[in-house]
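User: Hi! Could you take a close look at the salt bridges for me, and place them in the model as a whole?

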Amino acid sequence: MAITSSHDATTASRGDDRRGETRYASHAGDPRTTPAPSDPSVGELVGEISNDLTRLVRGEIELAKAEIKQEATKAGKAAGMLAGAGYAGHLFLLMGSLAAVFGLAHWVGLAWAALIVTGVWALVGAVLFVTGRKRLRAVQVTPERTAETLKEDARWARNRTN
């Protein structure tokens, strides 16, 4: 193949094909044509860090949601017990009032029966109140595991940059 002009020489060495694509001829040992080692570029590194941080934040949010849901369930159950204690207290007052009325009016067995029922309701109310209060005190408002993993993440990030 005879090369007639400098343009033709450049085209021949580059390996231009008919579609306008350029293919460089491989020159073994030529530093201008040898590709650099596959070190990631700054843009790739920033992209990786961005993806890692996104995954990390999403994971922490999911953990916090799970913890808060669990603690809210505990708080709901304890509040239900306290509401039961309030209802039992209402019944205690109602039955106590009825017992006092019947006791003063008749001085007979009907009043004693009302006092026994009132005593039972007072006992139920006391048990519900004590149990509900104990469970409500056990509820943790802060998501402890999430806070701990955030601390671990911060320690990991500090150690990785050093």
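Analyst: Happy to. Let me begin with the surface: the accessible surface of the protein chain comes to about 12800 Å², and carbon and sulfur atoms account for 64% of that area. This is a predicted model, so a word on confidence belongs here too. The mean pLDDT of the protein chain is 75, with 69% of its residues at 70 or more.

Confidence varies along the chain. Among the elements, helix α2, covering residues 42-106, has the highest mean pLDDT, at 85, while helix α1, residues 6-14, has the lowest, at 47. Over residues 5-26 the pLDDT stays under 50, and for this stretch the model has 14 contacts beyond four places in sequence. Where pLDDT is low, the predicted coordinates should not be read in detail.

Now the overall layout. The secondary structure comes to 4 helices and 0 strands, giving the pattern α-α-α-α when read along the sequence. Of the 162 residues in the protein chain, 13% are buried. If you take the contacts between residues at least 6 apart in sequence, 64% of them join residues at least 24 apart.

With that in place, we can turn to the salt bridges. The count comes to 5, and I will go through some of them, starting with a pair that links distant parts of the chain. Glu67 forms a salt bridge with Arg145, with 3.9 Å between the closest N and O atoms. Glu67 belongs to helix α2 and Arg145 to helix α4, which runs over residues 144-161; the two partners are 78 residues apart. Their surroundings can be read from accessibility. Glu67 counts as buried because its relative accessibility is 8%, under the 20% cut-off. Arg145, at 48%, counts as partly exposed because that value lies between the cut-offs of 20% and 50%.

A second pair stays within one helix. Glu71 and Lys74 form a salt bridge, their closest N and O atoms being 3.4 Å apart. Both residues lie in helix α2, 3 residues apart, about one turn of the helix. Here again the acidic partner is the buried one: Glu71 has 13% relative accessibility and so counts as buried, whereas Lys74, with a relative accessible area of 38%, is partly exposed.

A further pair joins Glu148 and Arg155, whose side chains meet in a salt bridge at 3.6 Å, N to O. Glu148 counts as partly exposed, at 36% relative accessibility, and Arg155 is partly exposed as well, with a relative accessible area of 38%.

Helix α2 has a nonpolar side to its story too. Leu94, Leu98, Phe102 and Leu110 make a nonpolar surface patch of about 330 Å², and α2 supplies the largest share of this patch, 3 residues. Phe102 is found in helix α2, and because its relative accessibility is 31%, Phe102 counts as partly exposed.

To put the pieces together: helix α2, with the highest mean pLDDT among the elements, holds both Glu71 and Lys74. The same helix also holds Glu67, whose partner Arg145 sits in helix α4.

Notes:
Residues numbered from 1 in each chain as written. Predicted model: local features only at pLDDT ≥ 70, side-chain atom pairs only at ≥ 80, totals over all residues. Heavy atoms only, no water. pLDDT = per-residue confidence, 0-100. Helix = DSSP H or I, 4+ residues; strand = E, 2+ residues; numbered from the N terminus. Contact = heavy atoms within 4.5 Å. Patch = residues over 30% accessible without salt bridge, like charges linked within 9 Å, V, L, I, M, F, W, Y side chains within 5 Å. Areas by Shrake-Rupley, 256 points an atom, 1.4 Å probe, with all protein chains shown as cover. Salt bridge = Lys/Arg side-chain N within 4 Å of Asp/Glu carboxyl O. Buried < 20%, exposed > 50% of the residue type's maximum accessible area, 1.4 Å probe, protein only.
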